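Trainee: Could you walk me through this model? I would like to learn how to read its features one at a time.

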Amino acid sequence: MYENTFPNKRFKHTITFLQKHISKSDRILDLGVVNPFTEIMQEHGYAVENTKGEDLDLDTSNITSSNADVVTAFEIFEHLLSPFTVLKSIKANKLVASVPLKLWFSSAYRSKSDMLDRHYHEFEDWQFDWLLEKSGWKIIDSQKWTNPTKKLGIRPLLRWFTPRYYIVYAEKV
């Protein structure tokens with residue numbers, strides 16, 4: 001999944017943001033299969049249930065049947081053709097979601113080995129805000145951060161200054 005890299009910086013920012021807004025007594029439905037960040041949330045005392053790997057564009061039954069207090073979606077919406085449908089199907093009143101931001105100097109991500117690991121959307125922050133607002137969510141807090149690499153070149157240099165990730169805490173209107 002991480003192809004020889006582990007996103008320690010992203011995970012650190014994400015758990016800090018989650019702890020700022022979500023109580024450990026809240027039950028979490030995390031969109032996507034169990035992954036290393038699921039384990040990090042559990043290690044920090046959160047009760048987490050994941051969706052089962054179904055195509056969320058076609059099947060939102062695990063979302064609509066969930067009794068979770070919070071839905072988390074970390075780097076999920078960019079993979080969906082219709083994140084609006086998924087956002088509208090959430091019954092929980094709290095959402096913590098992050099997306100990688102569109103980088104003007106880099107093309108959309110597409111794994112050559114995993115058909116599901118492709119970005120259909122490359123969001124700018126205002127686009128993700130609009131999607132959330134239009135689907136019935138009010139953004140309470142947000143944060144961006146960079147993702148520098150230790151490679152040489154123009155694009156790696158730009159990654160030191162250009163925000164790569166955007167995370168929001170939103171509540172249902």
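Mentor: Gladly! Keep in mind that this is a predicted model. Let us begin with one pair of residues: leucine 29 faces glutamate 49, which belongs to strand 2.

Trainee: Which strands pair there, and in which sense, parallel or antiparallel?

Mentor: Look at the bridges. Strand 1, residues 27-30, and strand 2, residues 47-50, are joined by four bridges in the parallel sense.

Trainee: How does the chain get from strand 1 to strand 2, and is the crossover right-handed or left-handed?

Mentor: Follow the path between the two strands. From strand 1 the chain passes through helix 2, residues 36-43, and then enters strand 2. This β-α-β crossover is right-handed.

Trainee: Which residues of strand 3 stand opposite isoleucine 28 and aspartate 30?

Mentor: Isoleucine 28 has valine 70 across from it, while aspartate 30 has threonine 72 as its bridge partner. Strand 3 covers residues 70-74, runs parallel to strand 1 and is linked to strand 1 by three bridges.

Trainee: What is the strand order of the sheet?

Mentor: Step from neighbour to neighbour. The six strands follow the order 2-1-3-4-6-5 in an open sheet, and the pairing is mixed.

Trainee: Which strands stand at the edges?

Mentor: Those are strand 2 and strand 5, the latter spanning 137-145. Each has a single partner strand, so one side of each has no neighbour in the sheet. You can also look at the twist: on average, neighbouring strands of this sheet are turned by 20 degrees against each other, with direction ignored.

Trainee: Which strands does helix 1 lie across?

Mentor: Trace residues 8-21, which form helix 1. Helix 1 lies across strand 1, strand 3, strand 4 (94-100), strand 5 and strand 6 (165-172), and runs at about 145 degrees to strand 5.

Trainee: Stepping back, how many helices and strands does the chain have?

Mentor: Count six helices and six strands. Read from the N terminus, their order is α-β-α-β-α-β-α-β-α-β-α-β.

Trainee: Now for single residues. Is valine 34 buried or exposed?

Mentor: Compare the relative accessibility with the cut-off: exposed means over 50%. Valine 34 has 57% relative accessibility and therefore counts as exposed. Valine 34 sits in the loop between strand 1 and helix 2. Its C-alpha atom is 8.1 Å from that of lysine 52, although the two residues are 18 residues apart along the chain.

Trainee: And where is lysine 112 found?

Mentor: Lysine 112 is in the loop that lies between strand 4 and helix 5 (125-134). At 73% relative accessibility, lysine 112 counts as exposed too. Between lysine 112 and threonine 16, which are 96 residues apart in sequence, the C-alpha separation is 32 Å.

Trainee: How does the radius of gyration of the chain agree with that of a compact globule?

Mentor: For 173 residues a compact globule would have a radius near 16 Å, and the chain agrees with 16 Å. Its C-alpha trace spans about 45 × 30 × 30 Å along the principal axes.

Trainee: What share of the residues is buried?

Mentor: Buried residues account for 46% of the 173. As for contacts between residues at least 6 apart in sequence, 66% join residues at least 24 apart.

Terms used. Residues are numbered from 1 along each chain as its sequence is written. This is a predicted model: local features need pLDDT of at least 70, side-chain atom pairs count only at pLDDT 80 or more; totals for chains, interfaces and linings use all residues. Side-chain values use heavy atoms; hydrogens and water are left out. Two strands pair if DSSP finds at least two bridges between them. A crossover is right-handed if, with the strands pointing away from the viewer, the path from the first strand over the helix to the second runs clockwise. Axes are lines fitted to C-alpha atoms, for helices over the stretch in contact, and angles run from 0 to 180 degrees between N-to-C directions. Contact means heavy atoms within 4.5 Å. Buried means under 20% relative accessible area, exposed over 50%, partly exposed in between (1.4 Å probe, protein chains only). The radius of gyration is taken over C-alpha atoms; the globule rule is 2.2 Å times the number of residues to the power 0.38.
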